[in-house]
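Work through the exercises below with the sequence and the 3D view open. Try each task before you read its solution.

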Amino acid sequence: MDRENYYIILELTVDPPENDSSVIERAIQNKKVQWSRLRNHPTKGLQAQKYINMIPDIQKVMLDEELRKQEADAAAELLEQGRESKISEIDSHIDILMGKGYIAKEDIVRLADIHGLSQAEINDRIAAKKDARYSRIDQFISLRMAKGYLLESELAKIAKKHAMEPQEIRKRVRCPILKDEKEAGALSIRPLDKSLEKAIAENLKIVGSKNLYDFLGVGENADLKQVQEKAARKNKSLAAIGKKDAVVTAGQTLAGQCLILFKKNETRLSYDICMARAKLSALDSDIQIAAINNKIRYEYFDALVNRAVEFGMDKDEAITYIEDFCQAKKYRIEKKPETSRRVLFLTAACGILLVALVAGYFALSHLRHTKSVEKAYQQVAQKVKTAAPDKKITLLRQYLAAHGNSKYEKTVRDQINQIESEKRAAELSEILKTADQLIQTNNLDKASVFLKQSLENARDAGHQKAIRQHLAAVSEMIEKQDFETLSDVSMSGEPDQKIALYQQYLKNHPEGKHKAEVQSLIDAISNEYFIYISKMISFYAKQEKWEDCLQLCQAYIDIYDNSHSDQLKQMIPEIQDNIRNKKIYVTLVDKAGQLEPDYQAALGIYEDFLAAYPESPLNEDIRRQIMLLNKKIAVQKAMDTTSALRKKLAATRGRFVEKQEGVVLDTRTGLMWSLLDSDAETTGTCLPYAEGKAWVADLHTGGFTDWRLPTPEELSGILETTPAFPVSGKKTYWTADSYSAYSDGWQTHVTTLSADNESGNRWATARKNALECGTVRAVRDP
């Protein structure tokens with residue numbers, strides 16, 4: 001299908017397909033209105049006009065039951081292809097990101113944005129990839145548990161093979177990990193009782209499970225608590241079954257054994273070791289079965305290697321294990337055989353015999369040739385009369401192959417040439433007929449493509465000439481149609497639509513009849529197009545879409561060489577600077593974002609840039625980023641301070657109690673105090689008196705708006721007492737007590753309480769100039 005799907009264009013449901021004709025007609029009408037509004041749009045106009053022209057065909061297809069069904073099937077296929085392509089692309093991106101051993105949260109956010117999915121959907125794909133990866137890793141680990149422990153070297157090998165950090169592999173190992181074999185002597189792992197092991201194996205065969213984990217429906221690396229819960233539920237469900245057959249009885253026995261073996265890690269380890277050894281025992285058994293007369297054929301050896309790889313070995317490890325086992329058992333491994341002399345001898349003998357038979361055959365044929373030639377020709381001539389053209393040629397060529405030197409050779413060859421000539425004429429007639437049908441239905445572009453393909457495939461010079469003539473006529477029709485469309489648009493279209501059509505015409509018809517007229521039209525709208533370009537550049541500049549601005553400049557410059565293009569050329573360096581600055585800004589923001597939540601480090605990125613480039617046009621944007629970071633730092637500081645103060649409040653023996661978020665009640669006086677002071681809620685270290693009062697006036701802690709500055713007595717009553725209100729660090733607190741005095745001008749002085757040590761347990765009252773810095777502890781009446 002060489003057009004867009006109508007179900008998708010009309011935004012109709014595909015699964016199940018929308019078949020209500022009234023709904024479809026309404027959708028077509030709504031789209032028609034929407035496209036009509038967009039006809040004069042600077043960028044969407046051409047696409048909208050294209051859709052408007054398609055409306056008759058859309059109605060024809062979508063209102064015909066059979067055609068609509070085909071369209072729905074095609075839409076479903078397209079959507080499925082898109083989904084599969086998207087999943088494949090997502091998985092490819094996940095594989096790349098997992099190359100570092102993990103996927104960060106910001107990677108998930110970025111993948112979700114790129115592919116238009118939710119973060120949960122991305123997490124589901126990651127989980128599926130991880131499950132597949134960890135399943136193979138668990139096989140490697142499980143097999144190596146047969147000896148009761150894992151060596152650090154084995155762990156490192158598994159990590160390297162799967163491109164993961166050793167620490168990730170270590171989390172999945174349930175047995176002891178030793179530095180070397182010397183430490184193995186100190187281990188005391190109790191093996192599973194043989195009779196119990198045998199009983200488990202027999203019952204597993206009855207219920208059809210590979211192992212106890214498979215029986216419970218959990219992974220071999222599942223958490224112990226999860227395994228215990230599964231075992232308990234399994235035991236309970238089997239006990240509730242009234243009719244007891246062999247499978248139920250075996251299942252109950254296994255469930256009870258699960259409850260015992262999975263009660264603690266030590267007994268679970270014993271079973272895991274037993275399970276690993278069972279795999280090796282099975283492999284050993286396979287080797288012994290394959291050893292016929294103490295020899296293992298090379299075909300069996302390859303099968304054994306594949307079996308070992310399934311158990312969790314890599315190929316080299318599997319080959320070494322099998323070879324060592326065979327050496328211990330004194331089995332011989334057969335090498336792949338080479339061609340023996342006996343085989344060569346037999347081959348030569350067969351060749352000689354074949355030559356003799358061929359010679360005899362040709363001798364006999366020669367004797368019968370004279371009599372059979374005429375009879376064969378008569379038979380072929382009779383068959384050719386009623387056969388199809390291709391069959392006629394096949395029959396005649398078969399005759400020539402069998403009787404090439406007969407007296408009928410020339411006659412047969414003439415017949416073949418005549419039939420091929422008639423066949424080519426019919427093919428040419430069919431080509432021209434198909435092209436004419438496309439022309440009659442106004443599918444000129446399809447007719448042109450069809451004729452060009454036919455011309456490439458044509459081998460006959462006469463056919464090529466006829467097709468070229470037809471193609472020239474179609475090209476002339478297309479050129480005429482394109483010029484008519486162009487003429488209509490030149491009367492009412494937007495400048496960019498006009499230029500696009502003019503340029504497309506010259507590209508499609510470099511020697512068209514109206515080439516000079518179209519070039520004149522291009523020259524005539526240079527001013528109109530420049531005004532349009534200038535407006536669009538201004539529009540995109542406000543949105544800081546500098547790449548679009550650059551493309552618009554280049555679009556005009558590529559067409560015209562005049563004073564307007566000179567103006568645009570002068571704009572390009574500034575636009576390129578803006579593009580470069582935008583890239584720098586995006587890089588800085590991304591770099592700083594990667595450092596969060598270390599806000600100080602992120603702040604350093606911006607401050608270093610300001611120091612290095614004090615005159616950069618980006619500095620205003622950089623300072624806005626710094627303000628945002630300072631707010632985040634203040635929030636973090638407030639959270640840290642809140643946590644520390646709450647711990648100290650607990651030590652006041654109930655005098656100071658946080659009744660609401662951030663609001664502390666003094667149970668002696670009934671006053672309510674803000675838990676945080678101004679130092680904790682601002683990025684600065686202190687505030688002048690006027691700013692402190694403004695800070696209190698804007699305070700909304702706990703939803704209250706009537707916060708005020710405390711009097712010296714109120715403040716002293718919570719600081720110079722026992723137990724005291726918790727304070728962090730050395731402070732100077734403003735109070736509501738202030739007066740004006742004249743000394744080289746009028747000045748405001750304020751009563752303050754200042755801590756003279758870091759612990760804040762000694763306070764002194766002093767009067768300070770209101771222009772100095774201090775801290776505010778807000779209070780409100782109950």
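**Exercise 1: A pair within one helix**

Lys69 and Asp73 both sit in helix 4, four residues apart, about one turn of the helix. Helices here are DSSP runs (H or I, at least four residues), numbered from the N terminus. This is a predicted model: local features need pLDDT of at least 70, side-chain atom pairs count only at pLDDT 80 or more, and totals for chains, interfaces and linings use all residues. Residues are numbered from 1 along each chain as its sequence is written, and side-chain values use heavy atoms, with hydrogens and water left out.

Task: How do the side chains of Lys69 and Asp73 meet?

Solution.
- Step 1. Recall the rule: side chains of opposite charge can pair when their charged atoms come close.
- Step 2. Apply the cut-off: a salt bridge is a side-chain nitrogen of Lys or Arg within 4 Å of a carboxyl oxygen of Asp or Glu.
- Step 3. Check the distance. Lys69 and Asp73 meet in a salt bridge at 3.4 Å, N to O.
- Step 4. Classify Asp73. Its relative accessible area is 44%, so Asp73 is partly exposed. The classes are buried (under 20% relative accessible area), exposed (over 50%) and partly exposed in between, with a 1.4 Å probe and protein chains only.

**Exercise 2: Pairs that tie parts together**

Task: Which parts does the pair Arg3 and Glu71 tie together?

Solution.
- Step 1. Find the contact. The side chains of Arg3 and Glu71 form a salt bridge of 2.8 Å, N to O.
- Step 2. Place the partners. Arg3 lies in the segment before helix 1 (6–9) and Glu71 in helix 4, so the pair links parts that are 68 residues apart in sequence.
- Step 3. Classify both. Arg3 has 28% relative accessibility, so Arg3 counts as partly exposed. Glu71 is buried, because its relative accessible area is 2%.

Task: Is Glu11 buried or exposed? Is Lys31 buried or exposed?

Solution.
- Step 1. Find the contact. Glu11 and Lys31 meet through their side chains in a salt bridge (3.2 Å, N to O).
- Step 2. Place the partners. Glu11 is in the loop between helix 1 and helix 2 (21–37), and Lys31 is in helix 2, so the pair ties together parts 20 residues apart in sequence.
- Step 3. Read the areas. Glu11 is exposed, at 64%. Lys31 is buried, at 8%.

**Exercise 3: Two leucines**

Task: Which of the classes fits Leu78, and which fits Leu111?

Solution.
- Step 1. Locate Leu78 in helix 4 (residues 65–97). Its relative accessibility is 40%, so Leu78 counts as partly exposed.
- Step 2. Locate Leu111 in helix 5 (residues 105–115). Its relative accessibility is 4%, so Leu111 counts as buried.
- Step 3. Find a partner in space. Leu111 and Ile90 are 21 residues apart in sequence, and their C-alpha atoms are 7.7 Å apart.

**Exercise 4: The largest cavity**

Task: Which residues line the largest cavity?

Solution.
- Step 1. Define it. On a 1 Å grid over the protein atoms alone, a cavity is a set of points where a 1.4 Å probe fits but cannot get out; lining residues have an atom within 4 Å of a point.
- Step 2. Read the volume, the space filled by probe spheres set on the points. The largest cavity holds about 40 Å³.
- Step 3. List the lining: Asp138, Ile141, Ser142, Met145, Arg172, Arg174, Glu220 and Asn221.

Key. Helices (H or I, at least four residues) and strands (E, at least two) are DSSP runs, numbered from the N terminus. On a 1 Å grid over the protein atoms alone, a cavity is a set of points where a 1.4 Å probe fits but cannot get out, and a pocket is an open set with protein on both sides within 12 Å along at least five of seven lines; lining residues have an atom within 4 Å of a point.
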